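Grab a coffee and work through these exercises with the model open beside you. Each one sets a task, and a worked solution follows.

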Amino acid sequence: MIPPAVPAALHPLVAAFLTDHDGVRAALRRYGSPLHLVFPQVFADNVAALRAVLDVGAVRHRLCYAHKVNRSTAFARTAAHAGISIDVASAQELRSALRAGFPADRIEVTGPKGGALLRTALAAGVTVNVDNLWELTTLTELVPAGATAAVLLRVSGFAGSSPSRFGIDLADITAALDLLVRHRDRLPLLGFAFHLDTAATAERVNAVEDCLALIERAYARGLAPTVLDIGGGLRQVFTDDAADYDAYDDALRAGLLARGPAMHWGNNTFGYHVADAMVHGGPVFHKYANTEPAAAVLAELLGAPLAGHGGRALGTVLTDNLLDLWLEPGKSLVDHAGITVAQVEFVKQAGSGATLVHLDLSRDTVTAADQEVLIDPIVLTTNIASQPVGVFFAGHLCLERDLITQRRVRLPCLPSPGDPVVFANTAAYHMDLSAAQASMHPVAAKVAVLARDGRYVLCPDADYRPGDR
Ligand SMILES: *Cc1c(COP(=O)(O)O)cnc(C)c1O
């Protein structure tokens, strides 16, 4: 029962760091296990890759790093140092952005905002990406005469997009424009925004066409918007080779149908629906199937023809109309820029015959409960007897559900207590989104890793300063 391997794609800088097993063990001794490691230089590479695409198209643009993917101070400081902007979604993230060195005019606040956050945003003088009509009305009351607050209107309800709980429905935009016309001296409209969590360029193009039409409508009302904010949603690339993912997915489905050895633990079907001797639907881990880098998807988007503009490319329409393209990339900017390292506590056999590799971390430290990581953890073992095994990784909480993998994972050999286990590419939503302090376990420390003169220098995430390189 040895499952197919699904090796993780690694940035060369991270891969090189992991070749020094003693260095990784030393980091665990110094900062404790489990440990989150972030790689600001990889973040900077990701910024450069997206910028290069926008520069080639000569598109006026603003990249706003979506802070919510990771609490890391090092990433926020790296973004500030790179000269990009930041998208914050809470008063705490706003404070973090200010501390990281962003000036107010490079900060945008998005997401659902209560009165307190609106007041904080206004006091800080940042751009408000308005989610709904209540917010807009409240802003008209909060902004004093003589002062201004620049706003974007977040729009939703595009034909063909799944329903969203965020944004102002297209049908309600007239009411929003009415308010903005009435308060134009205090609430200048920068432009329109959307955020779609989709990999489909066609869906994004459709939303862009609707927003371009809204810009024209706003002009007709005497407003002067210049910004089209297309949000985030650019994907990550997790696997080294798409064929590995497919092979594992095939084996998993065969197991669910009892046409092959079971790869799943218990009754888990990973979002698949098993009926009529078939596996239906899509799995919760579908993001691991992506093979297209974010920069390639962005290039494709800029080159996409707009039906409403005589088939001209989106990028051309933006430049011809002197519009600014704003993006709010989150996960694509931290792709490959973080790993989580834990240690093997012991290995045991379950009654079912399954081999359980117990680690000193819990599932929520590396993934949300309803997700499943479909790249293999990397074991840095001293065990030289190479005998592939299929194992489940178990967490340290005293809860049945605290299995870190609910799927059988192929390992080149059985690990030993103390061996480091690396979870790759955990910076986006994995390391910070769901981690709790159940059973009074502390949250893992976060440390920045820097490649400098062929060596690796570690420093606590909060102490990292990009200028000091
Ligand atoms: C979460 C979020 C983002 C970032 O999304 P990614 O998919 O991580 O790129 C951008 N904009 C808004 C409004 C968001 O809520």
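**Exercise 1: Polar contacts of the ligand**

A polar backbone atom of Gly 330 lies 2.9 Å from an oxygen atom of the ligand. Before going on, note that this is a predicted model, where local features need pLDDT of at least 70, side-chain atom pairs count only at pLDDT 80 or more, and totals for chains, interfaces and linings use all residues. Residues are numbered from 1 along each chain as its sequence is written, and side-chain values use heavy atoms, with hydrogens and water left out.

Task: find polar contacts of the ligand with Gly 233 and Tyr 429, then say how much of the ligand the protein buries.

Solution, step by step:
- A polar contact here is a pair of N or O atoms within 3.5 Å; within protein, one must be able to donate a hydrogen and the other to accept it, and residues adjacent in sequence count only if both atoms are side-chain atoms.
- Start with Gly 233: one of its backbone N or O atoms is 2.9 Å from a ligand oxygen atom.
- Move on to Tyr 429, where a polar side-chain atom sits 2.5 Å from an oxygen atom of the ligand.
- Now the burial: on its own the ligand exposes 390 Å², and the protein buries 91% of that (accessible areas by the Shrake-Rupley method with a 1.4 Å probe; for residues, only the protein chains shown count as cover).

**Exercise 2: The shell and the pocket**

Task: describe the residues around the ligand and work out which pocket the ligand sits in.

Solution, step by step:
- There are 14 residues around the ligand (a heavy atom within 4 Å of it), and Lys 68, Gly 233, Glu 328, Lys 331 and Tyr 429 come nearest.
- Sort that shell by class and you get four nonpolar, five polar and five charged residues. Ala, Val, Leu, Ile, Met, Phe, Trp, Tyr, Cys and Pro count as nonpolar, Asp, Glu, Lys and Arg as charged, and the others, Gly among them, as polar.
- The ligand sits in the largest pocket (more than half of its atoms lie within 2 Å of the pocket's grid points).
- On a 1 Å grid over the protein atoms alone, a pocket is an open set of points with protein on both sides within 12 Å along at least five of seven lines, while a cavity is a set where a 1.4 Å probe fits but cannot get out; lining residues have an atom within 4 Å of a point.
- The volume of the largest pocket is about 1,000 Å³ (the space filled by probe spheres set on the points, with grid points joined across faces, edges and corners).
- Of its 40 lining residues, Lys 68, His 195, Asp 197, Lys 331 and Tyr 429 are the closest to the centre.
- By class, that lining has 12 nonpolar, 17 polar and 11 charged residues.

**Exercise 3: Cavities**

Task: how many cavities of 30 Å³ or more are there, and what lines the second largest cavity?

Solution, step by step:
- The count is two.
- The largest cavity has a volume of about 70 Å³, and its lining includes Phe 238, Tyr 288 and His 430.
- The second largest cavity, at about 30 Å³, is lined by Arg 204, Ile 230, Gly 231, Gly 232, Leu 234, Leu 301 and Leu 327.

**Exercise 4: Backbone oddities**

Task: look at the peptide bond from Ser 33 to Pro 34, then at phi of His 336.

Solution, step by step:
- Background first: most residues other than glycine have a negative phi, and most peptide bonds are trans.
- The bond from Ser 33 to Pro 34 is cis, with omega near 0°.
- Pro 34 belongs to the loop between helix 2 (21-31) and strand 1 (35-38); helices (H or I, at least four residues) and strands (E, at least two) are DSSP runs, numbered from the N terminus.
- His 336 is not a glycine, yet its phi is positive, about 70°.
- Look for His 336 in the loop between strand 14 (324-327) and strand 15 (338-349).
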